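Student: I am new to this structure and would be grateful for a close look at a single part of it. Please explain how the part is built and then what surrounds it.

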Amino acid sequence: MRVEIARLDNNECKFAHEYAAGELVLDDDRVALAGAPRVSGHISRTGHKVVVEGEFAAIAQTECDRCLKAMELPISSEFRVEYVTAEAYLALETAELTDEDLALSIFDGEFIDVDEIVREQLLLAIPTHAICQESCKGFCPVCGTDRNVTDCNCNAAEIDPRWTGLKDLRF
Ligand SMILES: [Zn+2]
Ligand SMILES: [Zn+2]
């Protein structure tokens, strides 16, 4: 979904969109989207600055970091992104940037690509280490058994590798 800034009534508009399956593709082979991601928000323009505020909700499909089982992860978040044109940004730079200005994104002055914002915000919201449940035991590093299903007898796995050297010192 792209919003044409020149066409805004009173320099603002609301937006809401529900993505069809496959409409929003994340550029990340670790994560896919299930269901219908939703985004809604508000765009306003003040002088050379365009502010996009909103919220989104989606269900990410990823795999458990420990046992590699496929899992679904509901995510939702709020965002606020500020845009200026490249020319306006350069003008700011010579006039000294404030901390707030450093977070500015650049746009072409005509369109705001809401999909791009959603993609970016989604990837930020997805935890890098997702686990299916806090108690997930994952695979045994020695024999490869899924320890959620069967217990193996690899006691060696319980010994922290940093201590194996000490073990040899005991006669
Ligand atoms: Zn797991
Ligand atoms: Zn084992």
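In which sense do strands E4 and E5 pair, and over how many bridges?

Tutor: E4 and E5 pair in the antiparallel sense, over 14 bridges. Before the details, it should be said that this is a predicted model, in which local features need a pLDDT of at least 70 and side-chain atom pairs count only at pLDDT 80 or more, while totals for chains, interfaces and linings use all residues. Residues are numbered from 1 along each chain as its sequence is written, and chains are lettered from A and ligands numbered from 1 in the order in which they are written.

Some terms are needed at once. Strands (E, at least two residues) and helices (H or I, at least four) are DSSP runs, numbered from the N terminus. Two strands are said to pair if DSSP finds at least two bridges between them. In general, strands of a sheet pair through backbone hydrogen bonds, either parallel or antiparallel.

Two bridge partners show how E4 and E5 are matched: Glu53 stands opposite Arg80 in E5, and the partner of Glu63 in E5 is Ala70. The two strands form a hairpin with six residues between them. In its turn, Leu68 has a positive phi of about 65 degrees.

On its other side, E4 is joined to E3 by twelve bridges, and these strands also run antiparallel. Here Ser44 stands opposite Val51 in E4. E3 and E4 likewise make a hairpin, with two residues between the strands, and Gly47 takes a positive phi near 60 degrees there.

The two hairpins belong to an open sheet of five strands, in the order E2-E3-E4-E5-E6, with mixed pairing. E2 (12-18) and E6 (105-107) stand at the edges with a single partner strand each, so one side of each has no neighbour in the sheet. From one strand to the next, the twist averages 25 degrees. E2 pairs with E3 (residues 32-46) in the antiparallel sense over seven bridges, with Cys13 opposite Ile43 in E3. At the other edge, three bridges join E5 to E6, and these strands run parallel; Val84 has Ile106 in E6 as its bridge partner.

Two helices lie against the sheet. Contact here means that the C-beta atoms of two residues, placed from the backbone, lie within 7 Å. Angles run from 0 to 180 degrees between N-to-C directions, with axes fitted to C-alpha atoms, for helices over the stretch in contact. Helix H2 (residues 114-125) lies across E2, E3, E4 (49-63) and E5, running at about 130 degrees to E5. Helix H1 (residues 86-94) touches E5 (70-85) and E6, and its direction makes about 70 degrees with that of E5.

What is buried around these strands? A residue counts as buried if 20 or more other C-beta atoms lie within 10 Å of its own, exposed if 12 or fewer, and partly exposed in between, with C-beta atoms placed from the backbone. A nonpolar core is a set of buried Ala, Val, Leu, Ile, Met, Phe, Trp, Tyr and Cys residues joined through C-beta atoms within 7 Å. The largest such core has 17 residues, of which Val50, Val52, Tyr83, Ile112 and Val118 touch the most other members. E3, E4, E5 and H2 each supply at least two residues of this core, and E4 gives the most, with five. Leaving aside residues up to four places away in sequence, Ile112 touches Arg2, Val3, Ile5, Ile43, Val50, Val52, Tyr83 and Phe107.

H1 gives another picture: of its nine residues the number buried is zero, so this helix lies largely in the open. Asp29, in the loop between E2 and E3, counts as exposed because it has 6 C-beta neighbours inside 10 Å. Although Asp29 and Thr62 are 33 residues apart along the chain, their C-alpha atoms are separated by 9.2 Å.

Confidence is given as pLDDT, the predictor's score for each residue from 0 to 100. The chain averages 86, and 88% of the residues score at least 70. Among the elements, E2 has the highest mean, 95, and helix H3 (residues 164-169) the lowest, 55.
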